[in-house]
Amino acid sequence: MPPPRRRLTSLFALIGAIGACLNAAPLRAAEPLTFNRDVRPILSDNCFQCHGPDAANRKGHRRLDTYEGATAERQGFRALVPGRPDQSEAWLRLTSAQDDELMPPPEAHKTVTPEQKETLRRWIAEGARYERHWAYEPLRPVTPPAVKNESWVRNPVDRFILARLEREGLAPSPPADPATLLRRVSFDLTGLPPSPETVAAFRLSALDAQLSALFSSPHYGERMASDWLDVARYADTNGYQVDRDREMHAWRDWVIRAFNDNKPFDQFTIEQLAGDLLPNATLEQKIATGFNRNHILNEEGGVIADEFLAEATADRVETVATAWLAQTFNCTRCHDHKFDPFTQRDFYSLKAFFNNLPETGKGTYAASIRRNAPPMLRLPAPSAEAKLGELEREREAALAGLPALAAAQSAAELQAWEQRLTVASVVWIPAEIVGATAPNLDLPIDASRRRVQISALENRVNRITLRVKASLTRATAVRLSATGPSEVSTFSFHTMSTTAVVNGKPARNALPLRAAAAADSVAVAAATLLVDQDRETRLTLAAATERPAAVVVEIEGGFVATDGTVELQIALDGSESTGPTSWEVHVTAEDPALLAPNAVVAAAGFPSAARTAADVDLLRAHRTFQLPAYRQLSDRIATLAREIRRTDEAIPTTLVMAERAEPRATHILMRGAYDHPGERVFPATPAILPPMDPAWPRTRLGLARWLVSPENPLPARVTVNRLWQLVFGTGLVRTAGDFGSQGERPSHPELLDWLAQEFIRSGWDVRSLLRILVSSATYAQSSRFTPELLARDPENRLLARASRFRLPAEAVRDSALAVSGLLVPTMGGPSVKPYHPPGLYEQVTAGTGTTVYVPGTGADLYRRTLYTYWKRSVPHPALLAFDLPFRETCTVQRVRTNTPLQALNLMNDPTYVEAARVLAHRMLREGGADSAARLAHGFRLVLSRAPRSPELDLLVRAQARSQRAFATDPAATAAYVRVGATAPDAPFDAAELASYAAVAGTILCMDEAVSRN
């Protein structure tokens, strides 16, 4: 007898989630149900969120993801009674006719189909057997299955595919024709189409030799790197609002070299995660660690460093978990995983591996992009390094000359100067502030016209211009002073310039300024940061009501006012003001020799016998600094220092990983909040997976070795699945980034495990595994589908035909450049800027200074798309249209869309318009004497095959019609053939060239041209 119904909502709400699962496998009458294949998808979609691994949020204290939890008795009930659906409360609640007992409840908006209900009933009746999730099971030896049609098999991959087809009553498709197969494998392995000569010479019997040629092509590394850049979230800028440039192309070029060198994937992994920790790490191995510095970086002034340090370290955890484990660790940042057996402790224990960098969590906006986000690695630059050495030697020699100048000062002259300091004082005249301006900033002047209020500034340079007057006939120095509110306000200056105003107009040349110090102003060394005209340096002042701040600058040689009034225009480049400050300007006509800080004046007032050695040194040093010869040599030293810094900053850098001397403590962050630390944790791997070898260090190096250890079942499976995805369009596991319960089960699980073991057995040889895949009969099938295949397997998961899909964004553009002859094959180096829609970039970046998009010139316009400059806030729109990801986070699987915008781009983007016109040049130069031969030549260049008669007839008529139309509008025709940076060939008639260009554009827009068949 079934137990009486009771309203135990808190206990049996867990049953309610059992319900709709649109992806559940069809009921299999001929064989027993299995938990992973048939039941887990239903429970994962509908139950595990409330009754799965997340203990803190588990409803009714019940879990359905384990046999023990589902069969445990609680308050007299069991969710599952193996063999007895009629006694299983789960089944009873699932089939209840009462809304208050029905599960899922009506408010869940889930519908359980009769087939899904029967699957659950039958599974319970068969004993409710659970299985460990397939992805966490160890890799076990797999024998390729026997098949009936042995003649079709080329390698073991085909046995797994064919065995499944034979079970389903399907047959493989015929092989693709040689040209189609060659074009397919060329795009898959190099991202470029084959040349007509290669197509003409290719024979199926020579496939192995052709594969060797493709694998040895430098373009192979570029094609493979494209997908890895998505995984690594590679970009050329930092992201967030500021989104300044960063230098990471050295890491990108390392990736290309690694694939071209066929670096074993285990070593590829170790070097990227921990190359700096390897014994005697090489420059290349350190560059490789840039993988985990590709994350976005905030440089805004008001951000909290700890918050964005938490973001950066969390990003590394999520990226590594996605790239190597295909697990959604972002779900464990705030709580235990709802669906998979990973805990919040697992997340932060992994984070502990990545939380030991000497980083603050934010970039330094005021620093150059080669100094703003340490740790950074200087790259070899022989010429710059040689120049740097020369400058440093010259500076050392100049520094050695300073003591002699100081010693040459006579005691009598020094004594006379000291005497003047004791009897004279510097009189500062308050200046009238007659004007104050700054872009987007209100600068109110008070009623006395002696003070100007400067409000808080953002973390960007803002030019403040003050116009001041003083009743003097001569000016020798200027004093700027500020007071703040009760709390201290800081204000940073980068540069200062002062110009005399004559007859109401600023003079053309600025007055020469020199850093000085007087009374309580900042020291000379600090004031130098203001007048060195170097925007990379800055002076920061801290002002409060009771503690004003001041800076003094000397006007070298002085300025004489002919009308008895000194009028000056002072320009200050300020940034990073933390609060409002009130500013005054004073001017003096005194001898600059009397400008001295309070400590110097006080020392001069002591009798000689009462002076300490420090007093004597202070007086001599200050006076020496004022001597012309000393100043001249000091200026040279300062100039050399600036040249040294600029030369040093001309040496390229790249972001890398490094370790702190003292480990940073890692804590579980409660609810993921950076400012709510909980229990401290230490580096450790997830408990559900095989443990780390005790001999390995608990560092990034130990983690990397654990990831590629044969005992770890996930990385090999995950990697071969992505390689399968590369050449077949969809992975054996469709959800390439999620091998967990919410992900899709493998379409061919035994094949996935055989490939994973083969990958490990080969020494993690990527090229070897790809050769197996593209040498298979499965890969060589035609992509044509029949009505039967469309009905039985619309998504081609059984692989009874080859997959057909649109080319990646990079290949669409690269193919057009290649067939036209425009493609520049230069490899590596800084990213380049091809054509870009005018004005789009500037709308986002405010469009001033360095925030204006300036397209490259010459070869930069025609490099492979892999090298295109990628700004996170304004990604290249043509590439976004073809589904290149934003690269703010790790992406292991691009979406594929088919939109009108893509067609519009192909027809109007200058890249394709120019490529079509240059392709037309090739048709006219190489194609023959008549239009049919020329158009057939262009067709073969683009599509790797000859046109069929109806196709060619259509193109011939289109060209003739276009030529007649272009001939009627010479002006429009001339504009059309001049699109792009390459000049049109002079020998050709403009209307004729334009007509062939129009037809070439049509061919480039064909679905076949942008598809991998």
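**Exercise 1.** State how many helices and strands the secondary structure of the protein chain comes to.

Solution. The model is a predicted one. Its protein chain has 36 helices and 20 strands. The chain holds 1013 residues, and 55% of them are buried. The C-alpha trace spans about 110 × 90 × 55 Å along the principal axes.

**Exercise 2.** Classify the packing of helix α24 against helix α26 by the angle between their axes.

Solution. Step one: α24 covers residues 713-728 and α26 covers residues 766-774. Step two: the two axes come within 10 Å and cross at roughly 45 degrees. Step three: angles under 35 degrees count as roughly parallel, and 65 to 115 as roughly perpendicular. The crossing angle therefore makes α24 oblique to α26. Step four: the handedness of the crossing, α24 past α26, is right-handed.

**Exercise 3.** Decide whether Leu904 is buried, partly exposed or exposed, and name the surface patch residues.

Solution. Step one: Leu904 sits in helix α31, residues 900-908. Step two: its relative accessible area is 45%. Buried means under 20% and exposed over 50%, so Leu904 is partly exposed. Step three: Leu904 joins Leu901 and Met907 in a nonpolar surface patch of about 310 Å².

**Exercise 4.** Locate Met670 and give its distance from Arg333 in sequence and in space.

Solution. Step one: Met670 belongs to the loop that links β17 (666-669) and β18 (677-681). Step two: with a relative accessible area of 42%, Met670 is partly exposed. Step three: Met670 and Arg333 are separated by 337 residues in sequence, while their C-alpha atoms are 8.9 Å apart.

Terms used:
Residues numbered from 1 in each chain as written. Predicted model: local features only at pLDDT ≥ 70, side-chain atom pairs only at ≥ 80, totals over all residues. Heavy atoms only, no water. Patch = residues over 30% accessible without salt bridge, like charges linked within 9 Å, V, L, I, M, F, W, Y side chains within 5 Å. Areas by Shrake-Rupley, 256 points an atom, 1.4 Å probe, with all protein chains shown as cover. Salt bridge = Lys/Arg side-chain N within 4 Å of Asp/Glu carboxyl O. Helix = DSSP H or I, 4+ residues; strand = E, 2+ residues; numbered from the N terminus. Buried < 20%, exposed > 50% of the residue type's maximum accessible area, 1.4 Å probe, protein only. Axes fitted to C-alpha atoms, helices over the stretch in contact; angles between N-to-C directions. Parallel < 35°, antiparallel > 145°, perpendicular 65-115°, else oblique. Left-handed = near helix turned anticlockwise from the far one by under 90°.
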